[in-house]
Amino acid sequence: MKQSKKLVIGASGFLGSHVTRRLVTEGADVRVMLRPTSSTQGIDDLDVERRYGDVFDDAELRSAMKGCDVVYHCVVDARMWLRDPAPLFRTNVDGLRHVLDAAAATGLEKFVFTSTTGTLAIDDHRPVTEADVRNWDGGGPYIAARVAAEDLVLRYAGEKSLPAVAMCVSTTYGPGDWGPTPHGSVIARVAAGRFPFYFGFSSEVVGIEDAARAMVLAGACGRAGERYIVSDRYLSNREVHEIAADAAGVRRPRIGLSLPLLYRAARGNDVAARILNRDLPFATVGLRMADLMSPLDHSKAERELGWKPEPVADSIRRAAEFFTQH
């Protein structure tokens, strides 16, 4: 008998909650795996089966995957500013290995892994595709951990016949960002009229609901061993903040912070972090990632998954409205 249950690991997160919501909307039988301490605001209104454990709990992983045909792995430690990189590798690589071992022994139809556009190449002349060889450094331990994680997933696909796909998701905006994410917290301040700044860089962005839809489509028709770019378009930070301000009915941010100025502030952040012996979020490594990112070509996801994102501006507006209401 064909298995039909879907498992979302990390369903309490921004993307994981939206993947869960999308599956429920489509009528799937959904099981989620959560840590007992996780905030579940994003899924509390959904009728899903809950299991509790973490990615190092081998017995619970096997139990949670039993009877499932697709697993969506949405667990990411994205704290790129940590001075001690050990937690990044522990969650993103070591914990993932436990999940992959359980998945490889389960006989899944698909394993959908949340990767990042930070594992892709950069190019000053044309949009980057999944086929381009990664050609940059400077992302620090966070990107090193995410590259190692994606490589691990694709190795299991090749060597252990795990039907895994890696979804290279860009910066996500939209409602339900209860955390909030670091970029979401900036939108919250813009929408409240308390952030008159915009940053002097551009980045690839995508609506969170579109990213979740791409994940679900990959579970149905993604090709094992392949990567898919999940992003709508390349927008300046000024455009992002102006869209959010207009949606909230507040004055547009009018003070531009140039990259040289931002780099000076980030280096000051790093010095202060060392002196205070504390992790401070505006780290140079994060700014360098934003500075280096290139425009992307998501046509492979359109061709193979049937995915076509809505204009991300609509998602930024919904994000601003969400933060205004909450």
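This passage describes the sheet of a predicted model, the helices that lie across it, and the packing of two further helices.

The sheet is open and comprises seven strands, arranged in the order β3-β2-β1-β4-β5-β6-β10 with parallel pairing. The edge positions are taken by β3 (residues 49-52) and β10 (residues 227-230); each has a single partner strand, so one side of each is left without a neighbour in the sheet. On average, and with direction ignored, neighbouring strands of the sheet are turned by 20° against each other. Within this arrangement, strand β1 (residues 5-9) pairs with strand β4 (residues 68-73) in the parallel sense, over five bridges. Leu7 is placed opposite Val71 of β4.

Helices were also found to lie across the strands. Helix α2 (residues 58-65) lies across β1, β2 (residues 29-34), β3 and β4, and runs at about 170° to β2. Helix α4 (residues 140-159) lies across β5 (residues 110-116), β6 (residues 164-169) and β10, and its direction is at about 160° to β5.

A helix pair was examined next. Helix α8 (residues 259-276) packs with helix α9 (residues 284-292) at an angle of about 155°, the two axes being 8 Å apart. Because angles over 145 degrees count as roughly antiparallel, α8 is described as roughly antiparallel to α9. On the α8 side, the contact is made by Leu259, Leu262, Tyr263, Ala266, Arg267 and Asp270, while α9 contributes Thr284, Leu287, Arg288 and Asp291. Classified by residue type, the contact of α8 with α9 contains five nonpolar, four charged and one polar residue.

Methods: Residues are numbered from 1 along each chain as its sequence is written. This is a predicted model: local features need pLDDT of at least 70, side-chain atom pairs count only at pLDDT 80 or more; totals for chains, interfaces and linings use all residues. Side-chain values use heavy atoms; hydrogens and water are left out. Axes are lines fitted to C-alpha atoms, for helices over the stretch in contact, and angles run from 0 to 180 degrees between N-to-C directions. Helices (H or I, at least four residues) and strands (E, at least two) are DSSP runs, numbered from the N terminus. Angles under 35 degrees count as roughly parallel, over 145 as roughly antiparallel, 65 to 115 as roughly perpendicular and the rest as oblique. Contact means heavy atoms within 4.5 Å. Ala, Val, Leu, Ile, Met, Phe, Trp, Tyr, Cys and Pro count as nonpolar, Asp, Glu, Lys and Arg as charged, and the others, Gly among them, as polar. Two strands pair if DSSP finds at least two bridges between them.
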